[in-house]
Amino acid sequence: MDFYKIRKVETFSTSLKSMVLDIYPDFRVIRSEDLMIRGSDFYAIWDEPAGLWNTDEYRVQRLVDNHLEQVYLEVEKEFQGIVRVKYLGNFSSGMWVKFQQYLKSMADSYTQLDEKLTFANDVVTKKDYVSKRLSYSLKPGDCSSYDELIGTLYDPEEREKLEWAIGAIISGDAREMHKFCVLYGKPGSGKSTLINIILQMFEGYTAVFDAKSLTNARNSFAISAFKHGPLVAFQQDGDLSKIEDNTTLNSIVAHEDILMNEKNKPMYSFRVNAFLFLGSNNPVKI
């Protein structure tokens, strides 16, 4: 990983009356290819052992500390003195605090992750910017139970529209389409059934949004529901019968760049790739 290097500093300790070697990570001021920063905060790190990008900040600690441990084992055999290692995982070392300060000091540098679905059998590289996979491969199979269920719940024309939307998500075309789906009907008419099927199909790529908040000009944090870059966003029981301001909703449906506003964090530009599914008992009025 290029955003730090291992520093080894040798000193003589009067209290210990011995030579002391301190080993610690020294964070570098560069535009890293292994660490991504967004909104002056951690976004992702390249996880070489997994062959994927990782958005878990604590993975940084494990990767860096594994490297420190390797250096320690190499040095400890030869150094005639005391070897001390300042691990990120030890809060008392102060290195985790320094890493947080480092993130806030650096300019944003990132590429949006997971802009398309990755199936279990897909081969990916670092430049594909993938951090997760679906649990299954894309291949022909039997879907007779699905055919029976959906064929019972929906008329052929309505089913075709919904399956067109699902296909657009799988192919990646949904990221360019200015459309969203509203499943409108009385309670028990099958709205949640289809949405639940979609959630199982795209597990890990979904997020919950609040349609009413998106159309309320006073709610500036509503778009934070999309901060993890979902490809599918849903609300099981929403209401768009009274819209105050559809500006934000239009921008999301059109997949435009918008300013992500999270509480107590700097704003940053962000493209929403999600295709929206809304279940509603009331007709939509835009």
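The following paragraphs go through three parts of this predicted model: helix α1, helix α4 and the packing of α3 with α5. Local features need pLDDT of at least 70, side-chain atom pairs count only at pLDDT 80 or more, and totals for chains, interfaces and linings use all residues. Residues are numbered from 1 along each chain, and side-chain values use heavy atoms, without hydrogens and water.

Helix α1 covers residues 58–76, helices being DSSP runs of H or I with at least four residues and strands runs of E with at least two. Because 19 residues at 1.5 Å a residue should span 27 Å (1.5 Å times one less than the number of residues), the 27 Å between its end C-alpha atoms agrees with expectation. Its buried residues (under 20% relative accessible area, 1.4 Å probe, protein chains only) are R59, V60, L63, V64, D65, L68, V71 and V75, and their cover, by contact of heavy atoms within 4.5 Å, includes β1, β2, β4, β5, β6 and α2.

In helix α4 (residues 156–171), the end C-alpha atoms are 22 Å apart, in agreement with the 22 Å that its 16 residues should span. Here R159, L162, A165, I166, A168 and I169 are buried, and what covers them includes α3, β7, α5, β9 and β12; just after α4, G172 takes a positive phi of about 95°.

Helices α3 (residues 144–153) and α5 (residues 191–201), both among the elements covering α4, also pack against each other at about 145°, with axes 10 Å apart; axes are lines fitted to C-alpha atoms over the stretch in contact, and angles run from 0 to 180 degrees between N-to-C directions. Y146, L149, I150 and L153 in α3 meet T193, L194 and I197 in α5.

Terms used. Buried means under 20% relative accessible area, exposed over 50%, partly exposed in between (1.4 Å probe, protein chains only).
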